[in-house]
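Subject: Handover of a structure

Hello,

The structure for you to take over is below, together with its sequence. My notes on what was found in it follow directly after.

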Amino acid sequence: MSTTENSLNEYFDAQLPHLKKNYAWKIPKLAGFEQSNESGYFANVALKNHLHEQYLKANFEKRFKLANFVIVEWGGVRGNKPETIKKYVKRLEMENPVIDLNGVASYSKLFSIFDPKKYAIYDARVAACLNAIQLNAGIEQGLAFNYIPGRNNIVGNGIKRIGFTQESRFKRSALVKKGWKSLARANTYQTYLDVLKHCLVNFPKYQLFDLEMVLFANAEIECSEAMGTSYIKPEATTC
């Protein structure tokens, strides 16, 4: 087992028992879903299950509407054009859909709803947390996951150029220079899925999305620790 998987296994072992208390993400209004406007772990898992059931039995137009809700409303990625979201819906109809890094913060949300046992969300928080966990574990030969643009001031805000991913010492190139394994952009998402699935074997009581939700929920904490700064939970949060 790689040092990356070892560090993640230790981290998940420590953090999974606290997930239900730590996870929070506001659910927007969705007709027919009684837990709209809630933000806790159980409400979000219920939403995932609800959307999964609805998506599987929907026609293309209904799937497009659900995909728009998943990506734009619930996921908070508002820069996608309708044509792009339709492209992601069509991609899921392929036997072997493309899963490169381009647009992954959007399409991985939809893919994780379509098949939660096969796919998990890979967004700015998750990507940064994967590297921060390895740094905080002190491993010398980690796996340098590629970052994607985000708006979180702690995890990394590309516009303001602040946060963990924006510091030169945490750039992917800097990590590779210090001995970490470089990960090709095209292989990033599949490698992420493979690593999570390898880890999940050690936690049979949990689901793939539980591991991803730990990474999402703890990203600000882990990035703050890596930067050597005190973590103060913000009133509002962004990806």
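Glu167 is partly exposed, with a relative accessible area of 26% (buried means under 20% relative accessible area, exposed over 50%, and partly exposed in between, with a 1.4 Å probe and protein chains only). Arg169 is also partly exposed, at 44% relative accessibility. The two side chains meet in a salt bridge, with 2.7 Å from N to O (a salt bridge is a side-chain nitrogen of Lys or Arg within 4 Å of a carboxyl oxygen of Asp or Glu).

Before the rest, the conditions. This is a predicted model, in which local features need pLDDT of at least 70 and side-chain atom pairs count only at pLDDT 80 or more, while totals for chains, interfaces and linings use all residues. Residues are numbered from 1 along each chain as its sequence is written, and side-chain values use heavy atoms, with hydrogens and water left out.

Overall fold

The protein has 10 helices and 4 strands (DSSP runs numbered from the N terminus: helices are H or I with at least four residues, strands are E with at least two). Their order along the sequence is α-α-α-α-α-α-α-β-β-β-α-β-α-α. The radius of gyration is 17 Å, close to the 18 Å that the globule rule gives for 239 residues, so the protein is as compact as a globular protein of that length (the radius is taken over C-alpha atoms, and the rule is 2.2 Å times the number of residues to the power 0.38). Along the principal axes, the C-alpha atoms fill a box of roughly 50 × 40 × 35 Å.

Of the 239 residues, 51% are buried. Among contacts between residues at least 6 apart in sequence, 61% join residues at least 24 apart (contact means heavy atoms within 4.5 Å). The exposed surface is about 11900 Å², and carbon and sulfur atoms supply 50% of it (Shrake-Rupley method with a 1.4 Å probe; for residues, only the protein chains shown count as cover).

Charges and salt bridges

There are 32 positive and 23 negative charges, and their mean positions are 5 Å apart. Lys and Arg count as positive and Asp and Glu as negative, with His and the chain ends not counted; the place of a charge is NZ of Lys, CZ of Arg, CG of Asp or CD of Glu. Side chains of opposite charge can pair when their charged atoms come close.

The salt bridge count is 3. Besides the pair of Glu167 and Arg169, Lys48 and Glu212 meet through their side chains at 3.9 Å, N to O. This pair links distant parts of the chain: Lys48 is in helix α3 (residues 41-56) and Glu212 in helix α10 (residues 208-227), 164 residues apart. Lys48 is buried, at 8% relative accessible area, and Glu212 is buried at 3%.

Arg125 pairs with Glu220, their closest N and O atoms being 3.5 Å apart. Here too distant parts of the chain are linked, with Arg125 in helix α7 (residues 124-137), Glu220 in helix α10, and their positions 95 residues apart. Both Arg125 and Glu220 are buried.

Other residues

Ala127 sits in helix α7 and is buried, with a relative accessible area of 0%. Not counting residues up to four places away in sequence, Ala127 touches Tyr122, Phe145, Asn146 and Tyr147. From Ala127 to Phe216 the C-alpha distance is 8.9 Å, with their positions 89 residues apart in sequence.

His50, in helix α3, is buried at 18% relative accessible area. Leaving aside neighbours within four places in sequence, His50 is in contact with Leu30, Gly32 and Phe33.

Asn59 lies in the loop between α3 and α4 (60-74) and is exposed, at 51% relative accessible area. The C-alpha atoms of Asn59 and Glu95 are 18 Å apart, at 36 residues' distance along the chain.

Which residues have a positive phi without being glycine? Asn37 is one, with phi near 75°; Asn37 is in the loop between α2 (19-22) and α3 and is partly exposed, at 47%. Arg161 is another, with phi near 60°; Arg161 is in the loop between β3 (156-157) and α8 (172-177) and is exposed, at 64%.

Regards
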